[in-house]
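Please describe the fold shown below, with attention to its strand pairing, its burial and its backbone outliers. A short report follows the display.

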Amino acid sequence: MPRAISPTKTKLVAPAAEARIQSVARAKALLDAMAAGEWVTLRDLASRTGLAKTTAFNLVTALVDVGLTERDAKAGAYRLSIQHLVYGKAVERRLDITEIARPHLVRLCATTRETVNLALPGPADAMIIESLEGSQSLRVSAYAGTRAAYHSTACGRALLAHKPEGFRRLVYSIGHLPAATNRTITDPEALEAVLERCRTIGWTTEYEENEVGGACVAAPIFNRAGEAVAAVSIAGPSSRFEPAEIERLGKLLVASLAEITGQLPAHYSPPGFSK
């Protein structure tokens, strides 16, 4: 069992910084609640984010003022503005790793016949930017464009394992590790043991912790400086992910992803990457 991390050794976040992070996190939650693109009423925004209606109103009004959301005053509803398309296209142009990784993802998908995902790290969770659906008659759906929680998904864990201790502790304190299923690890110290094992063997897994009936194996992609800049996961029905198969897929991932590292540009970091 790895040594528990002492809270006294974790760099404390100043109150002012905590307030800034809380404000940004709340604004992000509102944007996430509108991510499907449709109009969302203020009542639904408050319900989806857990914010008080007055707080949600003040924040979403500020988002309207800076052009990040649009308001239908008559209906009392909000949606994302076209400005996000500008941001998305700018980020898309920088995703060198997608083109480099795609042949490897295709090969993994064809070899395993399972769904293969490519994820990038974000400030509060990972984002799946590429997903190839498996060819098995029983398979999991492709997840491109969805978020992956750091604590309950394999690709999230593969990235979180190589983040600094302070970042991990901040994720634990802000997100409170919600349980997606009754198997989800919600205790930070238990999760730290899982992440330590990932750092030791090179890959990690989750078994029905993010979705009942699903399982996933993932490993990080490192840049030439040894930083985990992306992760690839292989996902499928839990009935096919027995221990021997999980180990086989983990080793397959580590070998395949090492080839991607060799093809990345020198000093590569993905958009939004922070140590």
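A residue is called buried when its relative accessible area is under 20%, exposed when that area is over 50%, and partly exposed in between, with a 1.4 Å probe and protein chains only. The structure is a predicted model, in which local features need a pLDDT of at least 70 and side-chain atom pairs count only at pLDDT 80 or more, while totals for chains, interfaces and linings use all residues. Residues are numbered from 1 along each chain as its sequence is written, and side-chain values use heavy atoms, with hydrogens and water left out.

**Overall content**

The protein has nine helices and nine strands, where helices (H or I, at least four residues) and strands (E, at least two) are DSSP runs numbered from the N terminus. Of its 275 residues, 43% are buried. The accessible surface, computed by the Shrake-Rupley method with a 1.4 Å probe and, for residues, with only the protein chains shown counted as cover, comes to about 14200 Å², and carbon and sulfur atoms account for 56% of this surface. If a contact means heavy atoms within 4.5 Å, then 58% of the contacts between residues at least 6 apart in sequence join residues at least 24 apart.

**Strand β4 and its partners**

Strand β4 (residues 115-121) is largely enclosed by the rest of the structure, because seven of its seven residues are buried. Thr 115, Asn 117, Ala 119 and Pro 121 point one way from β4, whereas Val 116, Leu 118 and Leu 120 point the other way, and all are buried. Two strands are taken to pair if DSSP finds at least two bridges between them. β4 runs antiparallel to β9 (residues 228-237), to which five bridges join it, and within that pairing Leu 118 has Val 232 as its bridge partner. β4 also pairs with β5 (residues 126-132) in the antiparallel sense, over six bridges, and here Asn 117 stands opposite Ser 131. The connection from β4 to β5 is a hairpin of four residues.

**Helix α8**

Helix α8 (residues 188-201) has 14 residues, and its expected span, defined as 1.5 Å times one less than its number of residues, is 20 Å, which agrees with the 20 Å that separates its end C-alpha atoms. Its buried residues are Leu 191, Glu 192, Ala 193, Leu 195 and Cys 198. After α8 comes Gly 202, with a positive phi near 100°.

**Positive phi outside glycine**

Which loops hold Arg 113 and Glu 208? Arg 113 is in the loop between α5 (96-112) and β4, and Glu 208 is in the loop between β7 (204-207) and β8 (214-222). Neither residue is a glycine, yet phi is positive in Arg 113 and in Glu 208; the values are set out below together with the accessibility of each residue.

| Residue | Phi | Relative accessible area |
|---|---|---|
| Arg 113 | about 65° | 38%, partly exposed |
| Glu 208 | near 55° | 16%, buried |

**Cysteines**

With a disulfide defined as a pair of cysteine sulfur atoms within 2.5 Å, the count comes to zero. Cys 216 is in no disulfide, the nearest cysteine sulfur being that of Cys 155, 6.0 Å away. Cys 216 counts as buried, at 7% relative accessibility, and Cys 109 is likewise buried, with a relative accessible area of 11%.
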